[in-house]
Amino acid sequence: KRKEIQRLGVENGLDARLFHQAFISFRKYIMESSSVSADLHIILNDICCGAGHVDDLFPFFLRHAKQIFPMLDCMDDLRKISDLRLPPNWYPDARAIQRKIIFHAGPTNSGKTYHAIQRFLSAKSGIYCGPLKLLAHEIFQKSNDANVPCDLVTGEERVFANEDARQAPHVACTIEMCSTNTPYEVAVIDEIQMIRDPARGWAWTRALLGLCAEEIHVCGEPAAIDLVTELMYTTGEEVEVRNYKRLTPLTVLDYPLESLDNLRPGDCIVCFSKNDIYSVSRQIEARGLECAVIYGSLPPGTKLEQAKKFNDPDDPCKILVATDAIGMGLNLCIRRIIFNSIVKPTVNEKGEKEIDSITTSQALQIAGRAGRFGSSFKQGEVTAMHRDDLVRLREILGEAVPPVRAAGLHPTPEQIEMFAYHLPDATLSNLIDIFVSLSQVDGMYFVCNIDDFKFIADMIQHIPLNLRSRYVFCTAPLNRKEPFVCTTLLKFARQFSRNEPLTFDWLCRHTKWPLAAPKNIKELIHLEAVHDVFDLYLWLSYRFLDMFPDAVLVRDIQKKLDDIIQIGVCNITKLIRASQSAAAPGTDLKSYGRGSLANRLLREGLLTQEMLRQLESEWQDQHRNGNEEKEKIEPCPNSVEFLFIK
Ligand SMILES: Nc1ncnc2c1ncn2[C@@H]1O[C@H](COP(=O)(O)OP(=O)(O)OP(=O)(O)O)[C@@H](O)[C@H]1O
Ligand SMILES: [Mg+2]
């Protein structure tokens, strides 16, 4: 507890947290070991006899600390590697040219992207970087329709405008995929305010600092202007701001909807949970109205199909029920946005579930979808379902959007590789933890939350893989909440580590393809998860061509699956009814979530009876086959595999 000793600890790389952990471990070592080393024994004896001072223990304590935290011996090197203070220097190609930054700032539906894209189309070469596959697709389509050959690059897809697969001078991509080595005349970075996103912000920072283009057109909320200007100050590049106003008026109504009886054509009800989507669409159906449904986990084809149905003036379906997935990337003819609620469940930094009011930025983004320019509605309206929510919604919409203060960063594979060289025995997840705790960033940046990365790292820790491959697996896009997708990733990694190519047949066997149209919500959710599994396969196929050789066939069945899901979503109210009647009388979909984990997963459709049986038999096999598998699992009690088996 003495200050001098704590200071000595800090000088030797032990901050308060490490000091405490080392202290506990040292005490345990002394108390529990049957024989301590002779020199330590003598010191302890001297202290007990009053002939020594407790401070004499410090060298032994430090020796012990270095054993349990090997990084203490190479702290200077590690600090240097994890120094993230000058990100502009990571991109020498961009630093070698003089770039001009044009910031298109304004609210939603003000023509920001439109103007940036006009410049993109008129340039000799260009790159569009967007936050979503759907947006990249839209620009790819627009560009080719305007006779400007443009390729498409997303994590799971490459489409070449030229038949001979020669690169076209233009490309539309998801932002994580943009190249920082290829020179372009014009680059467009859309939705720049996402640079503050706790998980994905690093991709915007990388694009902004690293794209090699003479003109960089940045589109987004005015709240990001100051940060972008400051960042560009460090690179010595000029920023020109162009401000835009909304193209159509948007009115916040002074009355709530109150009842679904008051729905009108062109209405969109925004919910923040799938259960609310189910319950609202069922109530709409009970009133004899048809509705389209859009939420995040639907495949892109299904989302577009539902959007088309809702937009089509000749289709009787004139009501949309959606999550905030509509906030970006879809052209929808919405007259009025109705917030079903204004609270959104989120997961905080500690991984705990929290329910919070939506932010002003989110509310504006969603509300702004009403009265889209060019749609059949020239004016947008916004309201809430309930009166109390409307009062709060007005307040939220009236607040200023806080300025974006910092840009995200992410350790590179090279940095992690260098860490691994210094700390060969640490797990990848530990390497990341140590990296984050040692990393130094300056005030304009923050280190992104890498929980998804660590989740996968822990899950596949027991599978022997080289560090590069392990790193790639950990960056795979994965929804942690889908156990079927998680277990499949685990199987992919295991098969990969055995050097056995993951063939089309293997995948079909594993996913039980071909699959039938869903009969209830549980089956629909499972199909969505299978769609994600195919995405995962395609994503990996671009990184490990030899091991995931059947991308063409998988893309084919993924398209078919999208069609099957479309059929399911067209009949979603039927599926909801089927699920409700299967549930015990008096329970509704909201009561999902009670009972044992296995039962809950079964009810939610995340696990089928068949999967449960398979897991049970695998577990029993593992027991029968001795401890071989068990040994692999035990060091990693957080893995999904472990949770399931338990
Ligand atoms: N000058 C214009 N001429 C024709 N169409 C336009 C023009 N400006 C914008 N639009 C159309 O209006 C719609 C909204 O424009 P745009 O997508 O550029 O808005 P935005 O400000 O980028 O909005 P968001 O924040 O939602 O991305 C688009 O369909 C776009 O094609
Ligand atoms: Mg836009």
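This report describes the overall fold statistics of a predicted protein model and then a selection of its residues.

Because the model is predicted, local features require pLDDT of at least 70 and side-chain atom pairs count only at pLDDT 80 or more, while totals for chains, interfaces and linings use all residues. Residues are numbered from 1 along each chain as its sequence is written, chains are lettered from A and ligands numbered from 1 in the order in which they are written, and side-chain values use heavy atoms, with hydrogens and water left out.

## Overall architecture

The chain contains 27 helices and 18 strands. These elements are DSSP runs numbered from the N terminus, helices being H or I runs of at least four residues and strands E runs of at least two. For 646 residues, a compact globule would be expected to have a radius of gyration near 26 Å, and the 28 Å of the chain agrees with this. The radius is taken over C-alpha atoms, and the globule rule is 2.2 Å times the number of residues to the power 0.38. Along the principal axes, the C-alpha atoms occupy a box of roughly 95 × 65 × 60 Å.

Of the 646 residues, 50% are buried. Buried denotes under 20% relative accessible area, exposed over 50%, and partly exposed the range in between, with a 1.4 Å probe and protein chains only. The exposed surface of the chain is about 30900 Å², of which carbon and sulfur atoms supply 53%. Accessible areas come from the Shrake-Rupley method with a 1.4 Å probe, and for residues only the protein chains shown count as cover.

Among contacts in the chain with a separation of 6 or more, 73% are between residues 24 or more positions apart; a contact means heavy atoms within 4.5 Å. The chain carries 75 positive and 85 negative charges, whose mean positions lie 3 Å apart. In this count Lys and Arg are positive and Asp and Glu negative, with His and the chain ends not counted; the charge is placed at NZ of Lys, CZ of Arg, CG of Asp or CD of Glu.

## Confidence

The mean pLDDT of the chain is 89, and 91% of the residues score at least 70. Over residues 585–595 the pLDDT is below 50, and this stretch has 18 contacts in the model beyond near neighbours in sequence. Residues 626–646 also have pLDDT under 50, with 28 contacts beyond four places in sequence. The pLDDT is the predictor's confidence in each residue, on a scale from 0 to 100.

## Backbone geometry

Most residues other than glycine have a negative phi, and most peptide bonds are trans. Two non-glycine residues with positive phi may be described here. Asn109, with phi near 65°, is found in the loop between strand S1 (100–105) and helix H7 (112–122). Its relative accessibility is 8%, so Asn109 counts as buried. Lys512 has phi near 60° and lies in the loop between H20 and H21. At 42% relative accessibility, Lys512 is partly exposed. The loop between helix H20 (504–511) and helix H21 (521–543) also holds Pro514, which is joined to Trp513 by a cis peptide bond with omega of about 5°.

## Selected residues and their surroundings

The table lists C-alpha separations for three residue pairs.

| Pair | Separation in sequence | C-alpha distance |
|---|---|---|
| Gly220 and Thr113 | 107 residues | 8.4 Å |
| Met328 and Leu135 | 193 residues | 8.0 Å |
| Arg480 and Ile42 | 438 residues | 53 Å |

Gly220 belongs to strand S7 (residues 212–220) and is buried at 2% relative accessibility. Leaving aside residues up to four places away in sequence, Gly220 touches Phe103, His104, Ala105, Gly106, Lys112, Ile192 and Gln193.

Met328 is placed in the loop between strand S12 (319–322) and strand S13 (336–339). With the same exclusion of residues up to four places away, Met328 touches Pro131, Leu132, Glu191, Met194, Gln365 and Arg369.

Arg480 occupies the loop between helix H18 (467–474) and helix H19 (483–497), and its relative accessibility of 36% makes Arg480 partly exposed. Beyond residues up to four places away in sequence, Arg480 touches Asp451, Asp452, Phe455 and Cys486.

Lys309 lies in helix H12 (residues 300–311) and, at 17% relative accessibility, counts as buried. Outside residues up to four places away in sequence, Lys309 touches Glu290, Asp315, Cys317 and Lys318.
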